[in-house]
Every structure is written in structure tokens, then in C-alpha cells.
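Biologist: Can you pull up the model? I'd like to talk through the fold and the charged pairs.

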Amino acid sequence: LDGKNLKVLKSLANYFFKLHSMQAGFPMGSLGGLYTQSSYIHSKGLLSDFYDFSLRTDMGNYCSFTGAGNKKAPSPPHTLEELLYEIGVKDDISAATMDQVIGASPWANKFRQYLKSRNLSDDETILRFLVLIQPLKSCHNFNNNHAQILGHSKIHHGLSEIDRKRLFVEIFDTFLSEDSEDVLPLSNQALWGDLLATSNSIKAGLPVSMESIMEITQVRKDPGIWDEGIEPTYMRFLRQAPPPTLTACLLSIL
């Protein structure tokens with residue numbers, strides 16, 4: 001940047017920082033549309049590429065540049081349930097591929113890195129479990145006509161009996177078996193006993209009911225897994241990854 005354009009950009013940053021500070025505490029979107037087509041646009045150099053400099057109202061992304069394509073800065077899913085939904089876990093997921101599935105989801109991968117950096121191994125195990133069990137959980141919601149997550153319209157279909165049994169055994173062997181290296185901190189021993197019996201029946205080729213297979217989704221509700229486990233950790237993660245602010249957006253171009 002030349003000296004003139006740098007001075008102009010710094011003035012803009014200072015102006016909008018003061019404006020944003022004056023509006024602190026007001027509902028999101030109260031700043032929208034206050035400033036468009038700045039008189040500075042006629043300056044030569046970098047500013048000529050910006051045809052419109054405006055405050056936006058959606059999801060806290062205050063600034064956009066029409067000349068640059070109006071790209072929204074991504075923000076993390078607001079809840080753990082939304083994160084799991086947005087991963088888009090497919091029915092053919094397995095214990096061998098669940099880490100790849102997490103890695104392919106930007107925010108799930110960031111959350112996993114957050115857990116690793118803090119040595120939260122139990123929460124990392126819970127995250128992997130939640131991803132692997134997601135098709136069964138979605139199937140359970142579908143069969144019980146549960147309401148979908150607000151804002152999402154994806155329709156879940158039922159899993160085949162083969163996939164249900166396969167996932168059940170893989171989940172139990174990976175996260176609930178006494179021989180597993182990554183055992184979940186499950187507090188409900190009665191539930192564990194029922195799941196062990198179902199797992200043994202499936203492996204023995206004995207008939208098992210749909211209800212017995214879907215009982216494994218109750219592990220998600222265990223206090224040590226969700227309410228007192230990974231969910232509070234995800235809320236702390238969100239506070240570490242806030243959406244871009246007006247000031248950060250402006251200062252990023254200086």
C-alpha cells in the first residue's frame with residue numbers, strides 16, 4: 001500500500017471501530033447498511049477494487065466486498081448436535097474410516113485439534129464415538145419421527161438390518177468392550193450389560209430385536225458422555241473460535 005491508501009484505510013478502521021463500539025449491546029443487525037459506496041472508492045490503488053463497503057447483518061459477519069465476491073467468513077456450528085449433523089456421516093462409515101470422516105469436516109477437525117492440544121483424550125474418544133454412531137442415531141430419530149434440527153431439511157432414511165448390526169458390533173468393540181484401548185466413560189453399568197448381551201447375540205448369529213440394537217443410542221445420553229462430558233467442552237471451544245468481528249475484518253486488510 002502507498003502512504004495515501006494506508007492512511008485512508010486506517011481512517012476507515014478507526015471510523016467503524018468507533019461506530020461498532022457505540023452500537024455495543026444492540027441486537028445483531030442494527031448496524032446493517034449504514035455505509036455504502038464510500039467516497040474513498042475514487043482513490044487510485046487498492047481501494048479501486050472495492051465497489052461496495054457495507055455492514056452485513058447475517059451471523060455477525062459485518063463486512064463484505066462486492067468486488068471480491070461477497071464471500072462469508074465461516075462460523076462454527078452453534079451446538080454439538082449441529083456439528084455432528086454437518087459432518088454428514090454416511091451409512092457406510094466404519095471404525096476404520098471414522099477418523100478420516102472427522103478430518104474431512106473443517107470444524108470437526110478443528111474441534112479434534114482443540115481436544116488434542118489440551119490432552120482431553122476422553123472427549124476425543126467421545127467425539128469419535130458420536131461420529132461412528134451418528135447413522136444409528138439418525139435412524140432412531142427417523143423411526144420415532146423426531147423433529148429435525150432447526151434450519152435443516154435433510155431427511156434421514158432407515159439403515160438396513162445388516163448395517164445396523166455391523167455398526168452395533170463395531171461401536172461396542174471399539175468403545176465399550178473391556179478389551180478396547182479407548183473405552184468410553186460410561187456410568188450406566190446396567191445398560192452396558194444389556195449391550196454386551198446384544199453384541200454376543202449378533203456375533204453368534206442369533207436373532208436380535210430392533211429395540212435391542214437401537215438401545216446403544218442411549219449411551220449418548222449418559223451424563224459422562226454428553227451433559228458432563230463433551231458438550232461443555234464444545235461450548236468452551238466455541239468461545240475460543242468466535243466469528244469475525246467488524247474490527248478484525250477491517251484490520252485484516254491493513
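Modeller: Here is a short run through the fold, one helix contact and the salt bridges.

Modeller: This is a predicted model, where local features need pLDDT of at least 70, side-chain atom pairs count only at pLDDT 80 or more, and totals for chains, interfaces and linings use all residues. Residues are numbered from 1 along each chain as its sequence is written, and side-chain values use heavy atoms, with hydrogens and water left out.

Biologist: How many helices and strands in the protein chain?

Modeller: The protein chain has 10 helices and two strands (DSSP runs, H or I of at least four residues for helices, E of at least two for strands, numbered from the N terminus).

Biologist: At what angle do α2 and α9 cross?

Modeller: Roughly 75°, with the axes of α2 (residues 80-87) and α9 (residues 226-240) coming within 9 Å. That makes α2 roughly perpendicular to α9 (65 to 115 degrees; axes are lines fitted to C-alpha atoms over the stretch in contact, and angles run from 0 to 180 degrees between N-to-C directions).

Biologist: Switching topic. How many salt bridges in the whole structure?

Modeller: The search finds 10 (a side-chain nitrogen of Lys or Arg within 4 Å of a carboxyl oxygen of Asp or Glu).

Biologist: Which residue does D173 pair with?

Modeller: K203, with the closest N and O atoms 2.9 Å apart. D173 lies in helix α6 and K203 in helix α7, so the pair ties together parts 30 residues apart in sequence.

Biologist: Which residues form a network?

Modeller: Salt bridges link D99, R112, R128 and D182 in a network.

Definitions and conventions:
Angles under 35 degrees count as roughly parallel, over 145 as roughly antiparallel, 65 to 115 as roughly perpendicular and the rest as oblique.
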